[in-house]
Amino acid sequence: MATVNPWRPTEPSGRKLSIHVVTWNIASEAPPLDLNDLLQLNNQNLNLDMYVIGLQEMNCGIMSLLSDTAFEDPWSSFFMEVLSPLSFIKVSSVRMQGLLLLVFAKHQHLPFIQIISTKSIPTGLYGYWGNKGGVNICLKLYGYYVSIINCHLPPHMANNDQRLEHFDQILEMQNVGRHDIPNILDHDLILWFGDMNFRIEDFGLHFVRESIKNRCYADLWQKDQLNIAKRQDPLLREFQEGPLHFPPTYKFDKNSDNYDTSEKKRKPAWTDRILWRLKRQPHAGSYTPELPVPDFSLSLRSYISHMMYTISDHKPVSGTFDLEVNFWAAWHLAEEQLCWATSPNTPALDSNLKPVVFIPMITLMHEGLWTTENDILISYSSTPDFLSSSWDWIGLYKVGLRHINDYVSYVWVGDNQVSSSDGLNQIQPRAILQDDPLGEAQPRI
């Protein structure tokens, strides 16, 4: 009788994740009362799985920053209040002065998400000030590496070279520095968005405004600085963008739909953009057999601006994507690689190449009834590709949590581990830590 591999999927299977990406320069304003259009909450056909939200020019005055350090900032609280009843949980966030990046996912996807790192890259004042720069969240999603970058690049028409330098600088500073984490350019997906501040060259104000009025965008696309740069830079060209079938999103008079009527009369531009890059497939070498490629693809469903919001001099932009992962194709590739590696006279391949994307990365097992009077024993197993760390911790949550830090209590894995063998780990907490009002002992996400 043939042996059955419990890790192997029994039939071809796949998963489509719908991801909604938002970028908005909010000009230090508070959230409006209704963001249903921005979050596409009235579109019943979307069935979204994740939200990725990047804001620029958050209020970063001293009192506001102190308040946001002690409590949730108003925008994060607003998004959690709206999305939590829909089973979305804030899985990670990172803030650098006016930049904020949030990632929400439906609760059923949490066992398949691992936050690898968060990072802030200031580029203002020669890298010492965070009024410009980028923030990044690196995660594993169903076994694949995904990097998410929200940026704010230098303004003004004449600073295009500086914008491109900052773009390269943010990209270069993304690498985590761990040998088991690939270079960002080897990540399966990069989502990069924000107020990139690229402008429209050559054409005068009157021509640009008349083109917008008549919805004749084709000529403006040709003079868009980002499009020009992509034609000249091979790496930038690898980043894709949807068609700009919406009006330029900057600069508006606040609380109106009128482009800038101040003395400066700034020329409209598509400053707010959403880009993405899929990992390049390696070319087969002279000794490498033809292997099937895992079905990991990203398709754009919509790329729009939301002109109804007037609190800022920018209009928000959103992109809705379908991320498709074919588990069967991924498994077939792994089997082919491992079989080839074990054949005679061939170099060995790392068994970590096996993309285990169809089972939770961590599986917890009950060990009797947990009470405050008795010792607690926690058992868990992890998948072979789980990236363990000295910062690993286990949290206890109430039903209906809004974010990952919304725990009742937690324990550090390394300090409380009593056994580890054959993939099974056991933790016996010496004490259940309660919320620490000083924040000195709380886990890092």
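Colleague: Which strands each supply at least two residues of the lining of the largest cavity?

Modeller: Four stretches do so: strand E2 (50–56), strand E6 (129–141), strand E7 (144–152) and strand E8 (189–195). Strands (E, at least two residues) and helices (H or I, at least four) are DSSP runs, numbered from the N terminus. This is a predicted model, in which local features need pLDDT of at least 70, side-chain atom pairs count only at pLDDT 80 or more, and totals for chains, interfaces and linings use all residues. Residues are numbered from 1 along each chain as its sequence is written, and side-chain values use heavy atoms, with hydrogens and water left out.

Colleague: Which residues line that largest cavity?

Modeller: The lining consists of Ile 19, Met 50, Val 52, Leu 139, Leu 141, Val 146, Ile 148, Leu 189, Leu 191 and Leu 323. A cavity is a set of points on a 1 Å grid over the protein atoms alone where a 1.4 Å probe fits but cannot get out, and lining residues have an atom within 4 Å of a point.

Colleague: And how do they divide into nonpolar, polar and charged?

Modeller: The lining has 10 nonpolar residues, no polar ones and no charged ones. Ala, Val, Leu, Ile, Met, Phe, Trp, Tyr, Cys and Pro count as nonpolar, Asp, Glu, Lys and Arg as charged, and the others, Gly among them, as polar.

Colleague: How much space lies in the largest cavity, and how many cavities are there?

Modeller: The largest cavity holds about 50 Å³, and the count is 2 cavities of 30 Å³ or more. A volume is the space filled by probe spheres set on the grid points, which are joined across faces, edges and corners.

Colleague: Stepping back, how many helices and strands are there in the protein?

Modeller: The protein has 9 helices and 17 strands. Of its 445 residues, 48% count as buried, that is, under 20% relative accessible area, with exposed meaning over 50% and partly exposed in between (1.4 Å probe, protein chains only).

Colleague: On to the aromatics: what is the geometry of Trp 24 and Trp 75?

Modeller: The structure holds 19 aromatic pairs. For Trp 24 and Trp 75, the ring centres lie 5.7 Å apart with the planes at 85 degrees, so this pair is edge-to-face. Rings of Phe, Tyr and Trp (its six-membered ring) pair if their centres lie within 6.5 Å; planes under 30 degrees apart are stacked, over 60 edge-to-face and the rest tilted.

Colleague: Where do the two Trp residues lie in the chain?

Modeller: Trp 24 belongs to strand E1 (residues 14–25) and Trp 75 to helix H2 (residues 74–83), 51 residues apart, so the pair links distant parts of the chain. Both Trp 24 and Trp 75 are buried. Trp 75 also forms a tilted pair with Phe 79, at 6.0 Å between centres and 40 degrees between planes. These two are separated by about one helical turn because they stand 4 residues apart in helix H2. Ring pairs join Trp 24, Trp 75, Phe 78, Phe 79 and Tyr 309 into a cluster.

Colleague: What about the backbone: which peptide bond is cis?

Modeller: The bond from Tyr 250 to Lys 251 is cis, with omega near 0 degrees. Lys 251 sits in the loop between helix H7 (234–237) and strand E9 (272–278).

Colleague: And is Asn 47 buried or exposed?

Modeller: Asn 47 is exposed, with a relative accessible area of 57%. Asn 47 lies in the loop between E1 and E2 and has a positive phi of about 50 degrees, although it is not a glycine. Most residues other than glycine have a negative phi.

Definitions and conventions:
On a 1 Å grid over the protein atoms alone, a cavity is a set of points where a 1.4 Å probe fits but cannot get out, and a pocket is an open set with protein on both sides within 12 Å along at least five of seven lines; lining residues have an atom within 4 Å of a point.
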